[in-house]
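Here are some exercises to work through with the structure open beside you. Try each task before reading its solution.

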Amino acid sequence: MSGDDMRKWWWLAMVALLGALLYALGPILTPFAVSLLLAWLGDPLVARLQRRGMSRTLAVLLVFALMTLVLVLTLLVVVPLLERQVAYLVQQLPVYGAWLREVALPWVERRTGLELAGYFDPARLIALLKQHWQEAGGIVSAVLGGISRSGLAILGWLASLLLIPVLTFYFLRDWPGMVARVRALLPRPLEPTVARLAAESDAVLGGFLRGQLSVMLALGAIYSLGLWLVGIELAFLIGMLAGLVSFVPYLGAFIGVTAGLAAALVQHGDLLHLGLVLVVFGVGQTLESFLLTPWLVGDRIGLHPVAVIFAIMAGGQLFGFLGVLLALPVAAVAMVLLRWLHARYTESAIYGAPAVPSPAAVDEATPKRDA
């Protein structure tokens with residue numbers, strides 16, 4: 001066996017060993033994965049502050065304080081508000097059921113001539129929803145009760161939770177050094193290619209997480225504020241739901257318009273509020289197309305929505321919560337590798353292409369002159 005074959009088998013064995021370790025150590029790696037993700041998200045802002053003359057430690061302290069403030073505000077404001085909105089929706093289910101039975105179904109039957117009342121029972125559907133809601137609450141209570149009765153479990157959970165801010169701070173502070181050490185470990189012939197692919201993976205993942213997540217949150221805030229001004233009681237729940245699923249094109253707007261129109265019909269029942277709901281989502285879509293996406297995402301290459309959904313579901317199925325956290329980074333790296341392999345394949349003799357190197361290959365092969 002040649003030396004090249006030995007190196008290939010060695011790298012394959014290392015990748016397999018790393019995958020086995022991730023699978024075996026999954027339960028304890030979750031706080032490390034969360035901290036690495038937070039550090040990766042915060043490192044560009046730290047680097048920007050450094051370029052303005054600030055020391056690395058002070059920049060890390062400022063970014064860490066900002067991230068902590070955002071987390072605390074989310075826990076103290078957003079989560080209770082969402083909980084109140086969901087509780088209000090559950091209480092209003094009989095009202096929505098009566099509207100479906102007395103207004104919506106008769107209107108559809110008059111327009112279509114179909115008999116739908118016998119096939120659709122809103123009362124039974126509402127009863128099922130309430131039953132599942134109560135069962136879910138019972139399950140949560142049972143789980144929390146079991147955790148509270150197990151001292152070791154609650155201590156382990158608290159330890160993992162407390163580890164996240166500590167690990168995030170150290171990862172943020174030492175991020176350039178960690179990247180340099182990993183790069184120094186790469187085999188010298190592979191280092192330029194691996195570094196270029198890593199930079200492309202970072203651009204893909206950053207374009208989605210930093211850019212698209214900002215667009216999603218901005219749209220959620222715009223929709224929520226607009227629906228609240230219109231007078232929709234479930235404004236925050238509908239607006240944030242529409243914003244958070246807007247990474248799938250048109251899905252967020254479709255869900256928001258459907259839910260907003262239903263809420264306006266049940267609450268107000270007039271054409272004015274229906275028109276105002278449509279105006280809210282029309283303004284939101286216009287701002288997304290002409291302001292938010294060009295400004296926050298720009299021309300960065302993001303992950304395809306289908307790839308995002310599949311990666312998250314596959315990661316959760318294979319590795320649980322750790323798999324969900326690692327799904328998007330792995331998907332970004334996989335997409336970059338597939339593009340690189342596709343380019344190599346279309347330039348190879350197997351594909352039948354002429355033996356003309358690509359501009360990237362020429363650039364890599366050309367000796368660099370010292371300035």
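**Exercise 1.** Determine which residues of helix 7 are buried.

*Solution.* Step one: locate the element; helix 7 covers residues 235–244. Helices (H or I, at least four residues) and strands (E, at least two) are DSSP runs, numbered from the N terminus. Step two: apply the burial classes, where buried means under 20% relative accessible area, exposed over 50%, and partly exposed in between (1.4 Å probe, protein chains only). Step three: list the buried residues of helix 7, which are Ala235, Phe236, Leu237, Ile238, Gly239, Met240, Ala242 and Gly243. Step four: draw the conclusion; eight of the 10 residues are buried, so helix 7 is largely enclosed by the rest of the structure.

Before going further, keep in mind that this is a predicted model, in which local features need pLDDT of at least 70, side-chain atom pairs count only at pLDDT 80 or more, and totals for chains, interfaces and linings use all residues. Residues are numbered from 1 along each chain as its sequence is written, and side-chain values use heavy atoms, with hydrogens and water left out.

**Exercise 2.** Find the separation between the C-alpha atoms of Phe254 and Ala242, then classify Phe254 as buried or exposed.

*Solution.* Start with Ala242, one of the buried residues of helix 7. Next, place Phe254 in helix 8 (residues 251–267). The two C-alpha atoms are 8.0 Å apart, while the residues are 12 apart along the chain. Finally, Phe254 has a relative accessible area of 55%, so this residue is exposed.

**Exercise 3.** Describe the protein chain as a whole: its helices and strands, its buried share and its contacts.

*Solution.* First, count the elements: the chain has 12 helices and zero strands. Second, turn to burial: of the 371 residues, 28% are buried. Third, take the contacts (heavy atoms within 4.5 Å). Among those between residues at least 6 apart in sequence, 70% join residues at least 24 apart. Last, the accessible surface comes to about 24,100 Å², and carbon and sulfur atoms account for 73% of that. Accessible areas come from the Shrake-Rupley method with a 1.4 Å probe; for residues, only the protein chains shown count as cover.

**Exercise 4.** Work out how many salt bridges the whole structure holds, and examine the pair Arg56 and Asp43.

*Solution.* Begin with the criterion: a side-chain nitrogen of Lys or Arg within 4 Å of a carboxyl oxygen of Asp or Glu. The search finds four salt bridges. In one of them, Arg56 meets Asp43 at 2.9 Å, N to O. This pair links distant parts of the chain, with Arg56 in helix 3 and Asp43 in helix 2 (residues 26–51), 13 residues apart. Both Arg56 and Asp43 are buried.

Now take Glu191 and Arg183, whose closest N and O atoms are 2.3 Å apart. Glu191 is buried at 12% relative accessibility, whereas Arg183 is partly exposed at 44%.

**Exercise 5.** Which helix supplies the largest share of the nonpolar patch?

*Solution.* Patches are made of residues with over 30% relative accessible area and no salt bridge: like charges are joined within 9 Å, nonpolar side chains (Val, Leu, Ile, Met, Phe, Trp, Tyr) within 5 Å. The nonpolar patch has about 980 Å² of accessible area together, and its members include Leu45, Leu66 and Leu73. Helix 3 (residues 56–112) gives the largest share, 10 residues. As a check, Leu73 is in helix 3 and is partly exposed, at 45% relative accessible area.
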